[in-house]
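Here are my notes on the model you sent over. Have it open while you read.

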Amino acid sequence: KLFSMEKEDLKVLNPGEEEEMELQGYRLCRWRLVMVGLGVLCTGGFLLLLLYWMPEWCVKLTCTRTTVRDAEVVLLRSMICLIQTLDSLISLSPLVRRLFFGVNEIAVKVPSVFKLLIKEVLNPFYIFQLFSVILWSADEYYYYAVAIVFMSVISTATSVYTIKKVRLYYTRPIYHTVNFNIEEIYSTDLVPGDVMVIPSNGTIMPCDAVLVSGTCIVNESMLTGESVPVTKTNLPNPVPEEVRDEADGAYNTEDYKRHTLFCGTHVIQTRFYTGELVKAVVVRTGFSTAKGQLVRSILYPKPTDFKLYRDAYLFLLCLVAVAGIGFIYSIVLSIMNKVPAKTIIIESLDIITITVPPALPAAMTAGIVYAQRRLKHIGIFCISPQRINICGQINLVCFDKTGTLTEDGLDLWGVQRENLVKSQFVACMATCHSLTKIEGQLSGDPLDLKMFEATGWVSCSELEMETSLHNRIMPTVVRPPKQLLPPEPASVYEIGIVRQFPFSSALQRMTVVARLLGEKRMDAYTKGAPEVVAGLCKKDTVPEKFAEVLEGYTKQGFRVIALAHRRLESKLTWDHIETNMEFLGMIIMQNKLKTETPGVLQDLRQANIRTVMVTGDNMLTAISVARDCGMIPPQDTVIIADAHTPHDGHAAKITWRYADKPSKTSRLEREGESDLKDSQELYHFAMNGKSFAVIAEHFPDMLQKLVLHGTVFARMAPDQKTQLIEALQGVDYFVGMCGDGANDCGALKRAHGGISLSELEASVASPFTSRTPNISCVPSLIREGRAALITSFCVFKFMALYSIIQYISVTLLYSILSNLGDFQFLFIDIAIILLIVFTMSLNPAWKELVSRRPPSGLISGPLLFSVLTQILICLAFQTVTFLWVQQQPWYTTWSPLTDVCNLSSHINTSDLNNTEVDDHNIQNFENTSLFYISSFQYLIVAIVFSKGKPFRQPSYKNCKKLAS
């Protein structure tokens with residue numbers, strides 16, 4: 001959706017979408033460039049450094065606004081996604097398309113080592129370090145300056161080495177067709193609009209492409225974390241020009257997901273029809289592909305808006321203000337004592353480097369790194385470490401049902417049909433699936449597999465068929481085993497699958513077109529949600545007690561699948577296949593709860609963490625499972641909200657009914673909405689995806705009230721799951737999401753803490769991936785998140801107090817024109833602070849979840865009280881020590897020749913001549929006393945701020961910290 005850019009100077013691209021982008025045009029202004037140049041000269045280059053850090057400021061200071069058409073510089077915010085029609089892409093010449101779209105590669109361009117070093121050194125953190133080193137060297141603190149330079153060099157080298165290792169893309173030849181002539185080119189030369197041939201032995205897709213002929217079996221685990229192969233079919237026949245709407249011609253990845261091969265996914269095998277090659281049209285390349293967007297989201301994640309980080313910046317500003325006070329105090333004191341100008345400048349700036357701790361970012365990162373390592377040890381892999389802290393605030397978790405709360409596999413519990421082998425019911429069970437043979441083994445969706453195995457039929461590809469009566473239009477044929485067939489001579493009963501319409505979560509059904517051997521006409525078989533399938537059937541074929549029987553099974557927690565059939569006419573368009581069908585019956589599948597589910601949900605409930613079920617299954621089945629696993633207590637009542645769209649002049653409305661008594665309206669509907677607040681403790685709301693969409697559109701205020709106490713959301717499409725997560729976040733919940741990674745990708749990404757239950761070591765579908773195939777990973781993640789969050793608080797408070805303690809010591813010593821020595825600074829920062837910071841983060845998480853959550857920000861009463869109290873205690877002790885030493889009878893005021901800290905009472909002139917003169921006034925009683933007191937204060941503060949129970953293990957179990 002690329003909007004017109006000729007008239008206005010501000011444009012919004014893809015409005016309302018995830019990749020919305022704001023575009024502004026600018027033109028270079030000469031007089032502004034001259035003024036900025038003068039500013040750079042006057043500030044000694046600091047303004048240039050500031051503009052390097054703030055590129056948006058650089059554009060606005062050196063340019064003037066203009067239209068995008070006339071722009072010399074364009075300021076972009078967020079990302080752009082280009083959506084085109086296939087016809088318009090193909091109509092462009094290959095050269096124009098290659099110039100427009102560029103090279104097809106997902107490559108992280110690694111600059112030279114020199115450029116990387118320059119970029120690292122220009123980081124604000126290293127600039128501050130460089131400023132500090134220059135200042136300390138000028139003040140003859142050489143040892144301390146060398147130590148800081150050594151650590152900075154190691155840090156920079158490590159960063160450069162890590163970036164150098166990143167190589168995310170490789171090129172390889174693929175087949176590519178132009179003007180119906182096959183030629184072999186490199187994948188980097190592909191551009192949207194090209195037609196490529198998919199090799200029959202499979203390949204890894206180098207781009208996003210939409211199938212235009214043939215079928216592919218694809219492993220999309222790289223994208224979804226779901227290892228079950230999926231079937232991709234070619235695009236349906238285009239609508240004639242005269243009846244095509246404007247929207248029909250536009251290709252959209254989300255709407256045509258079943259026909260799109262995504263970059264990075266593995267095409268296992270292809271199926272061809274009537275000898276044709278399997279072809280696909282390239283639609284997206286490079287970073288615009290699905291894999292490119294995922295890589296881009298990993299390399300450049302969205303900023304984490306968390307209260308802790310906002311408060312940390314405010315706290316640093318407070319430290320800068322304190323440093324400003326010390327700066328002014330130092331200048332005034334030095335002028336009063338007639339200190340040389342050079343000393344005034346050095347000591348005044350030195351107090352800034354003391355107050356603002358340059359090692360704070362590294363110290364904060366250490367706790368997150370340790371938490372990430374602990375998560376990996378228990379089988380939870382993280383690709384977004386900053387989310388670990390946020391997981392400590394989670395107070396609501398959404399769960400998918402099938403494969404998450406319940407077992408992946410389904411057991412066939414029963415069917416209700418009388419005819420056996422040659423019935424349409426069994427034929428539908430045997431053909432309506434997307435199973436495929438991979439290395440001789442049937443593979444596909446567990447439900448399809450269980451259903452097909454229950455028939456006892458066998459499947460074979462067209463190469464394995466014993467008869468040649470089929471032509472090559474049918475790549476898959478199913479048939480019953482010979483022993484099940486009647487003993488008739490030459491009895492052959494085979495059904496060939498002509499066309500598949502794979503299962504769609506949005507449509508809640510799948511359909512196949514098949515043909516019986518020897519028959520000219522074809523049959524359509526459909527299976528899916530009973531309510532959906534029944535709506536596609538003739539009313540006289542649907543049993544009268546359909547709703548009653550369905551309700552009986554779903555209340556018991558069974559998963560019910562309905563089957564339907566239609567005999568197709570010789571001439572029929574694809575869009576009329578799923579109409580006027582005959583209802584065949586229902587299959588009842590049993591989906592058992594995982595053994596860990598009830599216990600985990602009980603632990604979450606005791607920790608005051610709310611649980612919600614979000615599933616694509618039937619409403620009553622979901623409610624039954626919610627009761628069985630303890631998500632809904634037995635004594636609580638469930639109210640189903642049914643929303644109806646406007647029709648026949650009537651406005652949209654919501655009706656309420658009890659789940660246990662569907663025929664009766666609830667008290668809420670009779671007495672009105674006012675009872676919502678009075679009945680919050682006893683009621684759980686449930687709704688399906690259709691009602692959710694109507695309420696979101698017509699009753700947005702009501703939606704907020706419903707999600708506050710909604711527990712079951714059934715028949716939810718993947719995008720509706722994402723909308724539910726956003727609605728819960730909109731009422732101030734910190735939301736976790738746990739799913740199997742297939743239809744939950746959007747919700748897993750959008751939640752504060754998304755956990756994918758996948759066998760893969762890492763899944764880019766969610767921030768966290770658990771190798772444990774049950775929900776026991778959820779409490780573990782929350783516990784580690786709480787421990788990491790408390791660790792961040794502890795480290796931040798300790799680093800702040802470390803700066804303040806040293807600030808107090810130096811300020812007091814400045815009053816007698818003294819300071820701490822080079823080795824004293826070195827001992828404090830290396831031997832004390834560095835060891836404590838990197839060991840106090842090692843406390844493991846507490847063994848169980850408690851009902852209290854840790855605070856989310858630094859600006860809170862208890863935290864501020866603890867910090868301010870410690871500051872006052874440290875100030876009092878150091879001040880008392882400083883004054884008390886001066887009252888001692890043995891106290892002597894320092895002078896260059898007294899050497900007051902020497903224990904010898906006899907000072908020879910010869911000794912003085914051989915002793916280095918103490919120009920900095922280091923060797924005095926005040927210095928020694930404050931150094932010892934402050935050293936113990938660092939240790940005491942580290943112990944005080946190392947909070948243990950109820951979020952972390954106590955410090956005495958942290959052996960490394962005790963040793964340090």
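The points below go through the cores, a helix pair and one tryptophan.

1. Ground rules: this is a predicted model, where local features need pLDDT of at least 70, side-chain atom pairs count only at pLDDT 80 or more, and totals for chains, interfaces and linings use all residues. Residues are numbered from 1 along each chain as its sequence is written, and side-chain values use heavy atoms, with hydrogens and water left out.

2. The largest nonpolar core (buried Ala, Val, Leu, Ile, Met, Phe, Trp, Tyr and Cys joined through side-chain atoms within 4.5 Å; buried is under 20% relative accessible area, exposed over 50%, partly exposed in between, with a 1.4 Å probe and protein chains only) has 103 residues, and F399, V778 and F798 touch the most other members. Helix α27 (residues 777-814) gives the most, 24 residues. A second, separate core of 34 residues includes L396, A641, A643 and A727.

3. Now the helix pair (DSSP runs of H or I, at least four residues, numbered from the N terminus). The axes of α27 and α28 (residues 822-840), lines fitted to C-alpha atoms over the stretch in contact, come within 10 Å and cross at roughly 165°. The two are therefore roughly antiparallel, a label for angles over 145 degrees.

4. Contact here means heavy atoms within 4.5 Å. Among the α27 residues meeting α28 are C794, F798 and Y802. Leaving out residues up to four places away in sequence, F798 touches I833, I836, V837, M840, Y938, V941, A942 and F945.

5. Is W413 buried or exposed? At 46% relative accessibility, W413 counts as partly exposed. W413 touches Y553, F558, I588, M589 and Q590, again not counting residues up to four places away in sequence.

Note on methods
Axes are lines fitted to C-alpha atoms, for helices over the stretch in contact, and angles run from 0 to 180 degrees between N-to-C directions. Angles under 35 degrees count as roughly parallel, over 145 as roughly antiparallel, 65 to 115 as roughly perpendicular and the rest as oblique.
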